[in-house]
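Student: Please pick one small part of this model and take me through it up close. I'd also like to see how that part ties in with what surrounds it.

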Amino acid sequence: MDITEWNNDEIMRLVMAKGHITQKILLEQLKDESGKVIPQSTFSCKIRRNALKLDEFQRICKILGYSVNIVPVEKR
């Protein structure tokens, strides 16, 4: 699936839906893994503003059992 042109909100909705997890549970698991508490309102605003950092997304993918792959695009 090519998500190159997607924003944070679209990507997070997909990942959370496929992982069968709510934002609240995801934030609890992030807290357990990193020890940092992220308020749900702060997290929602980051997603809405397209401000989710790569390391945050990588941690979320790890929690949900996904990997991030980069593949070359075929020239057209």
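**A close look at one loop**

Tutor: Let's start with Gly 19, which sits in the loop between helix 1 and helix 2. Keep in mind that this is a predicted model, so treat every value here as computed from it. Is Gly 19 buried, partly exposed or exposed? Its relative accessible area is 27%, so Gly 19 counts as partly exposed, because that class runs between the 20% and 50% cut-offs.

His 20 is in that loop too, between helix 1 (8–18) and helix 2 (23–34). His 20 is exposed, with a relative accessible area of 74%, because anything over 50% gets that label. Its backbone deserves a look as well: phi is positive, about 50°, although His 20 is not a glycine. As background, most residues other than glycine have a negative phi.

There's another case of this further along the chain. Asn 50 is also something other than glycine, and its phi is positive, near 65°. Asn 50 belongs to a loop as well, the one joining helix 3 (40–48) to helix 4 (54–64). With a relative accessibility of 44%, Asn 50 is partly exposed.

Back to Gly 19, and to what it faces across the fold. Its C-alpha atom is 8.1 Å from that of Gly 65, although 46 residues separate the two along the chain. Gly 65 follows helix 4 and has a positive phi of its own, near 85°. A second pair links these parts of the chain: Leu 64 and Ile 21 are 43 residues apart in sequence, with their C-alpha atoms 8.6 Å apart. Which residues does Leu 64 touch, once those up to four places away in sequence are set aside? They are Val 15 and Ile 21. Leu 64 lies in helix 4, and its 17% relative accessibility makes it buried, because the limit for that class is under 20%.

Now walk back from the loop into helix 1. Its buried residues are Asn 8, Ile 11, Met 12, Val 15 and Met 16. Why do they end up on the same side of the helix? Because they cover an arc of only 120° around the axis. The general geometry helps here: an α-helix has 3.6 residues a turn, so residues three or four places apart point the same way. Arg 13, Ala 17 and Lys 18 are on the other side of helix 1, and they are exposed. As for what lies over the buried residues of helix 1, the cover includes helix 2, helix 3 and helix 4.

Helix 4 gives you the view from across the fold. Buried there are Glu 56, Phe 57, Arg 59, Ile 60, Cys 61 and Leu 64, and their cover includes helix 1, helix 2 and helix 3. Arg 59, in helix 4, is worth a pause for a charge-minded reader. Its relative accessible area is 19%, so Arg 59 is classed as buried, given that the cut-off is under 20%. Beyond its neighbours up to four places away in sequence, Arg 59 touches Leu 30, Glu 33 and Ser 34.

Ile 60 takes you into the core. Leaving out neighbours within four places in sequence, Ile 60 is in contact with Met 12, Val 15, Leu 26, Leu 30, Phe 43 and Leu 52. The largest nonpolar core holds 15 residues, and Met 12, Val 15, Leu 26, Phe 43, Leu 52, Phe 57 and Ile 60 have the most contacts inside it. Helix 1, helix 2, helix 3 and helix 4 each give two or more residues to this core.

Finally, zoom out to the whole chain. It has four helices and zero strands. The C-alpha atoms fill a box of roughly 45 × 25 × 20 Å along the principal axes. Of the 76 residues, 28% are buried. Take contacts between residues at least 6 apart in sequence: 53% of them join residues at least 24 apart, and the contacts of Leu 64 with Val 15 and Ile 21 give you a local picture to set beside that. The chain exposes about 6,000 Å², with carbon and sulfur atoms supplying 52% of this area. On the charge side, there are 13 positive and 10 negative charges, and their mean positions are 4 Å apart.

Methods
Residues are numbered from 1 along each chain as its sequence is written. This is a predicted model: local features need pLDDT of at least 70, side-chain atom pairs count only at pLDDT 80 or more; totals for chains, interfaces and linings use all residues. Side-chain values use heavy atoms; hydrogens and water are left out. Buried means under 20% relative accessible area, exposed over 50%, partly exposed in between (1.4 Å probe, protein chains only). Contact means heavy atoms within 4.5 Å. Accessible areas come from the Shrake-Rupley method with a 1.4 Å probe; for residues, only the protein chains shown count as cover. Lys and Arg count as positive and Asp and Glu as negative; His and the chain ends are not counted. The place of a charge is taken as NZ of Lys, CZ of Arg, CG of Asp or CD of Glu. A nonpolar core is a set of buried Ala, Val, Leu, Ile, Met, Phe, Trp, Tyr and Cys residues joined through side-chain atoms within 4.5 Å. The arc is that of the directions from the helix axis to the C-beta atoms.
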